[in-house]
Amino acid sequence: MKKWIPLILVAALAGWVLSGLDQPPETGLQTREFGKLPVLMDGRFQPFDSVARNSLLQIRTKQTVPLDNGQTLTANEWLLEVLMKPEQADDRKIFRIDNGEVLALLKLPENQKFYSFNQIKPQADEIEKQADRIEPIDAAKRTVFETQLMKLFSEMNLYQRLEISLKPPGTDDFAAELAAFQQSIAPGIAAMQARDAGKKFDQDAFNNLIGFMGSYQTVARYALPAMVPPTDPGAPRDDWQNIGTNLMATAHTGEISPPAQAYAAMVTGYRSGSPADFNQAVAAYHLWLADRFAPQVNKARQEFFFNSFQPFYKALVIYVLALLLALCSWFVSWGNLAELLRRSAFCLIGLAWVIHTFGLIFRMYLEGRPPVTNLYSSAIFIGWGAVILGMALEKIYHDGIGCVVAAFAGFVTQIIAHNLAMTGDTMEMMRAVLDTNFWLATHVVVVTLGYASTFVAGFLAIIYILRGVFTNTLSPETAKSLARMVYGIVCFATLFSFVGTVLGGIWADQSWGRFWGWDPKENGALLIVLWNATILHARWGGLVRERGLMNLAVVGNIVTSWSWFGVNMLGIGLHSYGFTDAAFYWLMLFVISQLALIGLGLLPVKLWKSFSVPA
Amino acid sequence: MLKALFKLFSSLKLTVTCLSLGCILVFWGTLAQVHLGLYKAQNEFFRSFLVYWPLDGSAPHLPIFPGGYLLGTVLLINLLAAHLRYYQPGKRKIGIALIHLGVVLLLVGQMLTDFLARESALHLRIGETKNYSEADRAYELAVMDTTDKDSDKVVAIPCSVLVRRGTVSDSEMPFAVRAKTFYANSELTEKSAAGFEPVKTTAGAGSDLWWRELPRETAMDRVDAPSAVVEIATPQGSLGTFLVSAMLSQPQPFTFNHRTYEMLLRPERFYMPFSLHLIEFRHDRYAGTDIPKNFSSRVRLQNLDSGENREVLIYMNNPLRYQGETFYQASYDPDDGGSILQVVHNPSWLTPYFSCVMVGTGLLWQFLSHLIPFLKRRMAAPVNANTPRKEKKKS
């Protein structure tokens, strides 16, 4: 029976993960079907669902909007409201403002965390005035207030542009409006031509058309996603337009395009409180797209699936569970329980890793890129690499340490990745020099594995120090095998960080002829190599023994975190960025915690609980 | 004494000390970039033997920390000495030897790069042909005899001569050029403003301008704009003083002995025995955005000596390597009507490639030669042997 417990646990959690695939059908508005529609934004095709989630994450730092009545809007439901019923969306409390000075400027109460657009609107002119003043100031030289105000300004900009991305302001029955627009085109054009020729013309027809064109021009100028595909089969497949531009072009063709009509029908259905009409318009548009834009539709569907499956979140939950089990395995001594817990943790980590890998590969497939393309994906990948290392250690040593390392690394890197996703689309396009899968696949992957292994060594050292100082579970054998693990992993880290760093230099040599430019990011990578080399030479030279090795490995954590995050902060300026940005705050906290651990590691042996009690 | 010195220089303690100091240097040098700018920080910390305090170069100017060159040199000596002292032939040491040989190659290659490499820029408008590139920072005073319609005779005087306020004569010039005032970085205006002085010249354009000296630029993306007042001294007496400046785009013309001359302070030029002609420049963006996707320049390479005449496409991450020069797509004109190629002459560019392979192989060799026997031993031991060990630990 006991043999089966880990497997039963795995089966149960796998069931939980898979149950997410089977979503109950939607009654009423089929917002998920809407969420699957493809649009072109930020240079890539994505579903409305991604636009919704990324925008909401930027503005509200969460992917949902809780309502006063206890219900919750999903990102999709929120976006639909913003696009189609902005007057209602304006009351949703979505703008997160923490800075007291910004709140004072906007004359807002301090006891709320989130504010609605309607609450902010009265001071919109003031915000714009301030933003005009701050704009020319170098980002590094802005004060906390200025940085926060600019953040709010850009969030409001995003929100207001989304509001007029689908329909002109004030439009209610969009379908009827488009029908009237189409009617107005022929007489309007005739009036225009007559006017240009200096003949008598129909002033009403002229004014009518100009009125429509004026309001569509506003949409054309500010709309964000390009949601209308080209109707001409010969046009380039990525030549999508926003709906305003498309409607303005209608004046030449005289025919309103089927996608624009479909979107107008959705607006009318939504606003008139008729889910059936809305659903029908969405379904009809899906049908229209299906054979004309199959690749874009598939891409959007796959990304929608990825968004709603949330593999990284699910892996995180399982990592946490595994971490608890593995930690317990160190401290229980009742029968075979320790071994059972350890094995269960190991199996769960395996399951989480499979889901983690699935997410990683799915992302690579969606992006058409190697795994690491930005800071967000580097966190996902560092976690992935560290979990493999941890599981390998567990496979060799069978003492629960590898499990704790793997589960902890998996869990923490997912948290970091989640917080990094706040800045917007995590699958953004790669700027020219980075647009090379060869170097992303070699340099970036190798150097990231170097980060991962340095962190694993550092974390093993932390286990050594904490268990040694606070518990009596660090037997001489365990201590010795930990030392061996740290040494082995540092060797591994040296290999990866050296090769990765030099490959980076070679990339630089290929792209601008400078192998080494002492740029902060390069220096960060070099620092990891130097530090790992220092550790190895210090050990070979007998300058450090077991505990010294551990302390040096913890320093490796500081070095790596600085190279990973610290240098990025330098680029934008250490000063104002520093104390406002959450990342800097966490980095400092991390560094202080590591220094405290080194302090513990330096305590005389007689204060170590494990070493003072004879085993 | 010698023995003690050898012992010191071959010790691992020295290695660890140098590596630790290296870590501090890199960290400090990176932080210093915030204030000093990348260019200056690089020169103060990494391309130097000693780091001086205060960093802005003012007094008292005390050496307080070893610089990049010093640490690199000591590490090199240390490495060679340690290998002399500890080296034993055998399979186990191949990895270590390979790693360190690769590191030596990398360090030496980078030092050579610092001394031998030259970077310049080649700016081509579409349809333009050039057989020279221009320095990013260094200027020269070009004195051109433009009397003959077909060819100009040019004497280029490097700025280093102007800095010394020296006098230059050349067999190609029937007069001497004397630098009266030289500002390494400067600003010119047409109207009087605070801090500006009138440029007092007696000939040529610019005598009504105002100028002031500026501190040297230290940021990587900004360059100095030097200006100078020079005098043309002929055997028959002075032709007057002229203003030359990086901020003036028109040359200063003058005549002497019925020949016409022009004088221009321009970026230093490096001539190549071949020419490049820009046929097309492309700036591709991602659909519906301004995010750049690719920059590429289609150029015609013409070498009259070898008769070569072919089209080449230079784009991001794909440079043209030809006759020791490498041309990279670096920048472009705001109107997309021209391309700027970075031209690098670096004889030691291949060293990092070899070094990477050597060190990578060495590390892998060393790593596997320990890991595999270790794993074999672990796997040979019964897995259950751990359980009792764990039990013992709990007791």
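**Exercise 1. Find how confident the prediction is along chain A.**

Start with the average: chain A has a mean pLDDT (the predictor's confidence in each residue, from 0 to 100) of 90, and 97% of its residues reach 70 or more. This is a predicted model, where local features need pLDDT of at least 70 and side-chain atom pairs count only at pLDDT 80 or more, while totals for chains, interfaces and linings use all residues. Residues are numbered from 1 along each chain as its sequence is written, and chains are lettered from A in the order in which they are written.

Next, look at the extremes. Confidence in chain A is highest in helix α4 (residues 75-84), at a mean of 95, and lowest in helix α24 (residues 575-580), at 41; helices (H or I, at least four residues) and strands (E, at least two) are DSSP runs, numbered from the N terminus.

**Exercise 2. Describe how domain 2 of chain A meets domain 3 of chain A.**

First, fix the bounds: an automatic or database assignment places domain 2 of chain A at 310-422 and domain 3 at 430-615. Their centres, over C-alpha atoms, are 19 Å apart.

Then turn to contacts (C-beta atoms, placed from the backbone, within 7 Å): 21 residues of domain 2 of chain A touch 22 residues of domain 3 of chain A. On the domain 2 side, α18(A) gives the largest share, nine residues.

**Exercise 3. Work out which element of chain B contributes most to the side touching chain A.**

Begin with the totals: 55 residues of chain B are in contact with 58 residues of chain A. Now rank the elements: the largest share of the chain B side, 14 residues, belongs to α2(B).

Key: Contact = placed C-beta atoms within 7 Å.
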